[in-house]
Amino acid sequence: MKNKTDIKSLNLCELEAAFTQMALPRFRASQVYRWLQVQGVTYFDEMTNVSLQLREQLAAAYFIPSAQIERKLVSQIDGTVKYLFSLYDGQTVESVVMQYKYGYTICVSTQVGCRMGCRFCASTLNGCIRNLAASEILSQIHAAQRDLSIRISHVVLMGMGEPLDNFENVLRFLELVSDENGLNISARSISLSTCGIVPKIKELTKRKLQITLSVSLHAPNDAIRSTIMPVNRKWGVDTLLAACREYASVTGRRISFEYTMIDGVNDSDACARELGKKLRGMLAHVNLIPVNLVKENTFHKSDKVHIERFIEVLKEYGVTATVRRTLGADINASCGQLRQSAKQAEQKEVSN
Ligand code: SAH
């Protein structure tokens, strides 16, 4: 792949320009684009209405990044499917497909690993190995659609990695996935989750996309947030919330705040009051997520009583909150855990 160009990360204009340079007719570019973006083919030979000569010409200059199913777990409880995909260089990432009343949602990864260092998160345990190309984010959707024979209607960028730490590729992914000549998943059906890289939130605001911005807040103040999320030492809670307010007012889109409930860390009445005061009047919703146990850390879930109290207190400030439905509880569906356990199994095999 070294000397070849990733053909699936090109938009239609770029592909047409490349075809013009190769003295090929433009309509051929849109045929190839559809194979790549709609069908999600992984080999040029799958493009059956493209001549053998052109397929060979393309294969000499380009490669098609794909996501190969390495492992697949299906929840016996709710049918949630979790994939471990391997990429062209052998690196692995996770995706999860969930079924809701309104259709299928996929949670995709944007990086191999993550360098943000959140203390409760399994994805960041070994740092960030590399960014995913736009094509590799798309390939997770294509591979799942093909494997399950379904059409995915919603995408959340909430898997491994920090999307705003891979800004250009993620923007390109958003352009391609919402293209009407491609998967045609509209921006309004896409959520991007960030731990709070403020300058990138501001850049995103300028683009005025209609995607939902999810912000992993997890604490109402710097004292708590900085101990569980290192990113907060750079951009504190007030700076982050100011950027969120601006995003909401420029785009008219409600911000979704993720708040992981960790027993004894961020789940007190005082935390709820502080959060209520800070979010009061904002176009926002709070998603409470009982923290998932990660073997490598010592955090525990808050109990039901604390979670219910938290919701009640927020309500007093006019802030709506709901508890995130847990899907795939029996398959370690939260991010980073499958890759981590596959890695440990590999290491065991090596050391045995
Ligand atoms: N880097 C992005 C997106 C990936 S993480 C972000 O930080 O938002 C997706 C969500 O899962 C984030 O809200 C993250 O804080 C949360 N998360 C990570 N580990 C978790 C765990 N062990 N239990 C519950 N939520 C977790």
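**View 1. Ala-23 in the loop between helices H1 and H2.** In this predicted model, Ala-23 sits in the loop that joins helix H1 (12-21) to helix H2 (26-39). Have a look at its backbone: phi is positive, about 60°, although Ala-23 is not a glycine. Most residues other than glycine have a negative phi. Is Ala-23 buried or exposed? Its relative accessibility is 68%, so Ala-23 counts as exposed.

**View 2. Ser-149, between helix H4 and strand E9.** Here's another positive phi in a residue other than glycine: Ser-149 has a value near 50°. Ser-149 belongs to the loop between helix H4 (134-148) and E9. As for its surroundings, Ser-149 is exposed, with a relative accessible area of 65%.

**View 3. Val-156 and what it touches.** Move along to strand E9 (residues 152-157) and you'll find Val-156. With a relative accessibility of 14%, below the 20% cut-off for buried, Val-156 counts as buried. Which residues does Val-156 touch, leaving aside those up to four places away in sequence? They are Thr-105, Ile-106, Cys-107, Val-108 and Ser-191. Ser-193 is worth picking out here too: 37 residues separate it from Val-156 along the chain, yet their C-alpha atoms are 7.5 Å apart.

**View 4. The ligand and its shell.** Ser-193 turns up again here, as one of the residues that come nearest to the ligand, along with Phe-120, Ser-216, His-218 and Asn-292. In total, 17 residues surround the ligand. Strand E10 (190-194) and strand E12 each give at least two residues to this shell. Three close atom pairs are good to zoom in on. Phe-120 uses its backbone, with an N or O atom 2.9 Å from a nitrogen atom of the ligand. Ser-193 has a polar side-chain atom 2.6 Å from a ligand oxygen atom. In the side chain of His-218, an N or O atom lies 2.6 Å from an oxygen atom of the ligand. How much of the ligand does the protein cover? On its own the ligand has 530 Å² of accessible area, and the protein covers 93% of that.

**View 5. Helix H9 and its buried side.** Five residues of helix H9 (residues 269-279) are named as buried: Cys-271, Ala-272, Leu-275, Gly-276 and Leu-279. Why do they end up on the same side of H9? They cover an arc of only 135° around the axis, so they share one side of the helix. What do these buried residues pack against? Their partners are helix H7 (222-228), helix H8 (237-251), strand E12 (255-261), strand E13 (284-290) and helix H10 (304-316). E12 is also one of the strands that supply residues to the ligand shell. Past the end of H9 comes Gly-281, with a positive phi near 80°.

**View 6. Glu-94 and its contact with Lys-82.** Glu-94 is part of strand E5 (residues 92-100). Its relative accessible area is 3%, so Glu-94 is buried. Which side chain does the Glu-94 side chain meet in a polar contact? That would be the side chain of Lys-82, at 2.6 Å.

**View 7. Confidence along the chain.** The average pLDDT for the chain is 93, and 94% of the residues score at least 70. Where does pLDDT stay under 50? That happens over residues 348-352, and the model gives this stretch zero contacts beyond four places in sequence.

Note on methods:
Residues are numbered from 1 along each chain as its sequence is written. Side-chain values use heavy atoms; hydrogens and water are left out. Helices (H or I, at least four residues) and strands (E, at least two) are DSSP runs, numbered from the N terminus. Buried means under 20% relative accessible area, exposed over 50%, partly exposed in between (1.4 Å probe, protein chains only). Contact means heavy atoms within 4.5 Å. The arc is that of the directions from the helix axis to the C-beta atoms. pLDDT is the predictor's confidence in each residue, from 0 to 100. A residue is near a molecule or strand if one of its heavy atoms lies within 4 Å of it. A polar contact is a pair of N or O atoms within 3.5 Å; within protein, one must be able to donate a hydrogen and the other to accept it, and residues adjacent in sequence count only if both atoms are side-chain atoms. Accessible areas come from the Shrake-Rupley method with a 1.4 Å probe; for residues, only the protein chains shown count as cover.
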